[in-house]
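Welcome, and please load the model into your viewer. We will take it one selection at a time.

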Amino acid sequence: MSPPPDAAVPDAAHVVRVSGVTKVFRLGKMEVQALQGIDLRIARGEYLSIMGPSGSGKSTLFNMIGGLDKPTTGKVFIDEVDIAQLDAYELAWLRCRKIGYIFQTFNIIPVMTALENVTLPMIFAGMNADAAVQKGLRLLEQVGLGDRHSHKPSELSGGQQQRVAIARALANDPAIILADEPTGNLDLTTGEEIIQLLKRLSAERRVTVISATHDFKMLNVSDRVVWIRDGRIDRIEDREQLSITIGRIGTRS
Amino acid sequence: MATQAWSALSGNRRRIGRQVVLPFGKSVEIAYRSLRVRFLRSLITTLSLVLAVSFFSYNAVGNDIADGLLASGRPEFRQRLIRAGYEIQADAPRIERGAKQRWVLILSLLVCTVGILNAQLMAVTERFREIGTMKCLGALDRFVLRLFLLEAAMMGLVGSVSGAAIGALLALAAGFLRFGVAAVTFLPLAAAALSLISAAGIGLALSLLGVLYPAWVAARMQPVEAMRVET
Ligand SMILES: Nc1ncnc2c1ncn2[C@@H]1O[C@H](COP(=O)(O)OP(=O)(O)O)[C@@H](O)[C@H]1O
Ligand SMILES: [Mg+2]
């Protein structure tokens, strides 16, 4: 794992810190322990994959880190700021400018064109319309959709929609990209392309990528992989250990 | 309060800002586009309003026409008005606004409001993922609230104005058929204008009333809904 650029400042080194996070869902009398105490530090610029079988709590953890849901106990810090302390305006700011979200179901707004989807976060951030359009076109260019900017989502394939989502996630130059099963609804080849694109753009822009997935293709590009199981961290592997794991998977399949 | 704590912690570098409120014009633009791309659905929601408002306006302008004829002082109109079913007290300068007519009107407006409420609730449910996604992109609750209110106001304005106009034209046509040109020539313009304005105003108000609860539901929605993968 390459050391983060500002490792000398311990305070700023970790863009995300998860401390003792648990989450209990109550369904009537039933209680589901989705997360049972997660501790995690994520360095700036890191490409981190959260791996685990379906139902292991990946999305729940993702929602906690993204400030989309609140932990039952424990804390999540973004840039050493406890996000439970934020008011509605600060949370919206965080979601708008600090974090870019990528979803399994793409979540491109169906009534807007590709370009309008990409410019929306910039409009929310208060950028003027012309500048937003310029930047939006540039971003679509970078994800390989320069000629598709006026297409509606219904006129785009799944892979193209996910490219729009990546451009949209990068709109306000976030520090973190959160992706929940970004390849979950894509075929193998398209999934591979999306992973490579995400890897390339995040490296160019030094964006921290946190991706929940059970797609082993993600292993190749990850700096670190957190394996979770039943709401607990099973083990954390970095690059060197990973190559062994990949080898093992490679021989198995 | 919390913000100051971090500023202290991290020197003067403020790490979390506050989201800006979207300018009103921008919200109007987004609401307008949202309506336009959902043209058919918007049209159907608006149509129930057009019906109710035109019914209201038809009645109100019809009464104005009858008032005008009565005020003309010509006895043959009084006879024909009574034969046409208008209630007229002896020596009264205006025709009677019957309680029954009023109830039918109130009921039709009520039905219309419930219809709008229903249509808007469905629209919110349909757009749950879209709203959730917008919140993930930095939309404030008040933006979502404003978006739905603006959409309703635009539909309400178009529906009420056209409903009022349609109702008035129908009333004029009916008056013309029954009483000839006199229906138009004796029409008290100020009263008719007032009828039109109040029909349109009531329509707009009902349209907003019907969207209040759905808009509140939409604004309160948690962004985590955007993540749900339905199976
Ligand atoms: N909103 C919810 N209400 C109740 N249970 C939930 C909810 N979200 C997740 N769960 C439960 O929490 C566990 C972890 O779910 P999730 O985080 O979605 O797993 P993954 O993303 O790894 O597939 C599962 O048992 C799931 O059923
Ligand atoms: Mg999941």
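A salt bridge here is a side-chain nitrogen of Lys or Arg within 4 Å of a carboxyl oxygen of Asp or Glu. Select Arg33(B) and Glu116(A): their side chains form one, with N to O at 2.6 Å. Between chain B and chain A the count is two salt bridges.

A word on conventions: this is a predicted model, where local features need pLDDT of at least 70, side-chain atom pairs count only at pLDDT 80 or more, and totals for chains, interfaces and linings use all residues. Residues are numbered from 1 along each chain as its sequence is written, chains are lettered from A in the order in which they are written, and side-chain values use heavy atoms, without hydrogens and water.

Now show both chains. The contact (heavy atoms within 4.5 Å) takes 34 residues from chain B and 41 residues from chain A.

Next, select residues 128–136 of chain B, helix H6, and residues 141–179 of chain B, helix H7 (helices are DSSP runs of H or I, at least four residues, numbered from the N terminus). Their axes, lines fitted to C-alpha atoms over the stretch in contact, with angles running from 0 to 180 degrees between N-to-C directions, come within 10 Å and cross at roughly 140°. That makes H6(B) oblique to H7(B), as angles outside under 35 (roughly parallel), over 145 (roughly antiparallel) and 65 to 115 degrees (roughly perpendicular) count as oblique. Show side chains: Ile131(B), Met134(B) and Lys135(B) of H6(B) meet Asp141(B), Phe143(B), Val144(B) and Phe148(B) of H7(B).

Finally, select helix H5 (residues 99–126) and helix H9 (residues 189–220) of chain B, which pack at about 35° with axes 8 Å apart.

Notes: Helices (H or I, at least four residues) and strands (E, at least two) are DSSP runs, numbered from the N terminus.
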